[in-house]
Amino acid sequence: MNKENNEENLNLSRRKFIGGIGATGAVALSAGAWGGKTLQDALGDLFQDHYQRMTPEEIKEVLARIERKAKSDYGAEIKCENTPPREKVLFGYALNIAKCKGYRDCVHACVKENNHGRDSQTQYIRVLEMPNGTTDLEKSDHYYNHEQVPQDGKYYLPVQCMQCADPPCVKACPVSATWAEPDGIVVVDYDWCIGCRYCMTACPYWARHFNWTTPRIPPEEVNPQTHYLGNRPRPRGVVEKCHFCIQRTRKGLQPACMDACPTGARIFGNLLDPKSEIRYVLENKTVFRLKEELGTDPKFWYFTD
Amino acid sequence: MPIIYFVRDSIREMFRGGMVYWLWLISLVGITAWGLGYYVEQLENGLVVTGMSDQVSWGFYLANFAFFVGVAASSVLLIIPAYIFHRVEIKRVVLIAEGMAAAAVIVAMLFVVVDLGRPDRMWHAIPFIGRFNFPISILAWDMLVLGGYLFLNVAIPFYVHYCHYCNREPVFNFYFPVVIIAIFWAISIHTVTAFMFSANSARPFWHTALLGPRFIASAFVSGPALIILTMQFIRRFTDYPVSQEVIKTTALIMTVALQISLFFVGVELFTDFYNESTHAASIRYLFFGLEGLDSLRPWIWTALILNVVGLIILMIHPLREKMLTLNIACISTTIGIWIEKGMGLVVPGFIPTPLGEIHEYTPTIVEYGISIGIFALGILLFTLMAKASIAIELGKVRYQRVRGANEQHTD
Amino acid sequence: MRRALFLFWISIGWPIWATDNSTDGGAVLSFVGYPDAPNFTVKPLKKKIRNCERCHGEMQHNTNIRVLEDAPHIDSLNHGNGRFWCLECHDEVESNKLQTPTGEKVGFADAYLVCGSCHANRQKDWYFGAHGKRVENWDGQRVILGCTNCHEPHEPTLQPYKPKAPPQLRVGLNPSAKKHQLPIIWPWQVINTSEANHE
């Protein structure tokens, strides 16, 4: 009698236990249990593989997860893509310092295009106001805010990631979270970066920036056209940098900085196309590169005419 | 299995002690917990709670990392006399020094972990499961050598103590090759850490071949200083015999290393200031300030003075023999090297930035809190390891072969 | 004597008559652009251009060089610093056209042919893409901005204007005393509001 009772009790308690687990599981699987993500998304996030090792199906899942996350974090509908590099394309950039007037239109167009945090104000482009007669960067002024530019006796030097062909940042990364793509763009896998910031120490152009805090963007200002390696919303604690607007340039469009420049100082194109504008500039103008003596082989030239 | 009893008995020994010992342990745990609270705050809000920025992206954490890797590397200074030159007196304390090295390596690794933006992604550095950029990335090399060094400094004492626990002598041919490896490995951990800084051609302050030798020289000052102080603590609070010869030899090594270290500082100052180029901007910022900003200047000059005072004391033979002045020299050089190799090395590398900006860096309370917590944890780990080690070496913990009657010898 | 003089005058006059080919065919070499340059189309101007023929269909151009005071003409030309005047570029007969120095009639949409007559180096750069701007894409159909898209023809120098906001500065960065006093915007300690925690 007792034994039967005991067994019954055991069954009841076992059932309760399983039911409890089921309920917990249901709650855990639902959204809202993990800071707005489902358990599946949270685990997927935690165990995501490196971009270069994922199969196309896995990448598709990741893109969908990023879109869901953007919806829950920012309340914005975005499209995250993974446009591959084009064949026989190597991007190059040239900037005419005789034409740059220091307006900073490029800086802010980049912020809008690339979904930078509006509070953290990460900016991929820094415009340096240099006094005439020197290339010593220590004499530069980054924070000029005159009533009018250009000022007399100054010239302007915008600096962004040079997409080096021999990048010291790629060598520095202990987990290979950054690498040079076949079309020349040095990209970062934001879901792989561990945030050690060794690449930032290695970069001679101060081109890499860190998300010290979670970027926050109002939903109406989010740019919905994103690329996994480009302007998709980045998490906190990872390094990011200019990627030549990979979401635009891989589709044949100009990068946002080039689009925004009102003086036509910027020239972007395919270095492997002998008839491109950038090739004409490199062959016919007085071009130079910044800090070339460091041997990084940058793909961003400056010229004057 | 005797090994299980060994582990059990050692752990039991770690937590056996008088009131003073327990007070010490509890206060260390308390400080660690306090630091942990700050770390939780850092995890919640991100690294924005530190004083670091895009301009100065490494700060107090990495400064302490560089210093403690040096302390860890310096255990080799006791290993060489003990095992190569068979100095018996030093051999008695070498295991404690290796314990200190293990604790220092753990502290150094923890400083890197708290500096990471995404510690939840640390598994990305594991080979095959993650993607380990070895052998190209120097940071990857550093992870490897530090991990290996930790293993060596736990494995050798573990083996030797285990043999003593089982009432037998360690097999010379078994552990001696490992010891030789440990000697070279100790030099390599600090050289690799130096390379991690000096490989950056973007940072002229670090991009010098002299950084490796400087690191080794200054490590061989701060490490022995801490060893001398620790040995005196052990002499005072335990009945483990620490021969004066240990302290004398260590102090002598420290003197030579300090001479070399200060010579290197002089060499750097001359090379940078005789024909001063823009590459010398960082060292100018450090020693003299740049554009009105000089928050590190009082620190580096204090460090220099402390080191010179320490050197004078150490070079005067009677003062080196006397414990009081020796201790003063040890404390002053430890602090001097900690400043010079810590904040005085890591922060000026970022000032001015590669684009010529000059921004200073001040650690915040969160950074101090977490760092103090890690210091306390390191001291705690060392205390526990030393306690067990001393007990085994004094013969108080032995394996009783009879099953069922297996209990330790009570104090 | 008279006969000798007559023959003399004919002999020196003959070469002049013989080489006078003003009535022959033979067109002047016309500018055909740069065949090496990649193909392009010029982006149409958004600005509406006044229909000059509305008045000048009936009125004739007064080709005397003078200041034009009546609207819609401009009374001062900030282009060339006095080297030329309106009818250098604007056609004397067809008011809705421009003219090149060789007399070719050019529509306002192809104004680059006129500009390039003096600014030849710039025009060559523009053909090849080193001057001006290619809009929309770097690949495919090349659409570039014409000269008058950026340069107002009667005042071509681009005017200075106020730059956009400088980069922000973090509290705790303690910038150099010599630099600007900027309002420090981004505090280093994030306050735990409900929207702050998305990680």
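The area buried between domain 1 of chain A and domain 2 of chain A is about 1,800 Å², and carbon and sulfur atoms give 57% of that area. I should say at once that this is a predicted model.

Where does the division of chain A fall? Domain 1 of chain A runs over 3-81, and domain 2 of chain A over 83-305. On the side of domain 1 of chain A, the residues that lose the most area to domain 2 of chain A are Tyr51(A), Tyr74(A) and Glu81(A). Together, these residues account for 42% of what that side buries. As for contacts, 19 residues of domain 1 of chain A meet 25 residues of domain 2 of chain A.

Let me turn to the polar side of this interface. Between domain 1 of chain A and domain 2 of chain A, the rule finds one salt bridge. Lys251(A) pairs there with Glu81(A), and the closest N and O atoms are 2.7 Å apart. Glu81(A) was also named a moment ago, among the residues of domain 1 of chain A that lose the most area to domain 2 of chain A. In addition, ten residue pairs are in polar contact across this interface, both residues being at pLDDT 80 or more.

Which elements give two or more residues to the side of domain 1 of chain A that touches domain 2 of chain A? They are helix H3 (56-74) and strand S1 (79-81) of chain A. H3(A) contributes the largest share of that side, five residues. By class, the side of domain 1 of chain A that touches domain 2 of chain A has ten nonpolar, four polar and five charged residues.

I now move from the domains of chain A to the interface of chain B and chain A. Here the buried area is about 4,100 Å², with carbon and sulfur atoms giving 53%. In chain B, Asp54(B), Arg131(B) and Leu355(B) lose the most area to chain A, and together they make up 21% of what that side buries. The contact brings 53 residues of chain B against 48 residues of chain A.

How many salt bridges does the rule find across the interface of chain B and chain A? There are three salt bridges. Asp115(B) forms a salt bridge with Arg197(A), with the closest N and O atoms 2.6 Å apart. Polar contacts between chain B and chain A number 36 residue pairs, again with both residues at pLDDT 80 or more.

On the side of chain B that touches chain A, helix H2 (19-45), helix H6 (138-165) and helix H7 (172-198) of chain B each supply at least two residues. H6(B) gives the most to that side, with four residues. The residues of the side of chain B that touches chain A divide into 26 nonpolar, 17 polar and ten charged.

Finally, I come to chain C. Its domain assignment gives domain 1 (1-36) and domain 2 (40-162). Five residues from domain 1 of chain C and seven residues from domain 2 of chain C take part in the contact. The area buried between these domains of chain C is about 520 Å², and carbon and sulfur atoms give 71% of it.

What is the count of salt bridges between domain 1 of chain C and domain 2 of chain C? The count is zero. The count of residue pairs in polar contact, both at pLDDT 80 or more, is also zero between these domains of chain C. On the side of domain 1 of chain C that touches domain 2 of chain C, two residues are nonpolar, two are polar and one is charged.

Methods: Residues are numbered from 1 along each chain as its sequence is written. Chains are lettered from A and ligands numbered from 1 in the order in which they are written. This is a predicted model: local features need pLDDT of at least 70, side-chain atom pairs count only at pLDDT 80 or more; totals for chains, interfaces and linings use all residues. Side-chain values use heavy atoms; hydrogens and water are left out. Domain bounds come from an automatic or database domain assignment. Contact means heavy atoms within 4.5 Å. Buried area is the accessible area (1.4 Å probe) that two parts lose on being put together, summed over both. A salt bridge is a side-chain nitrogen of Lys or Arg within 4 Å of a carboxyl oxygen of Asp or Glu. A polar contact is a pair of N or O atoms within 3.5 Å; within protein, one must be able to donate a hydrogen and the other to accept it, and residues adjacent in sequence count only if both atoms are side-chain atoms. Ala, Val, Leu, Ile, Met, Phe, Trp, Tyr, Cys and Pro count as nonpolar, Asp, Glu, Lys and Arg as charged, and the others, Gly among them, as polar.
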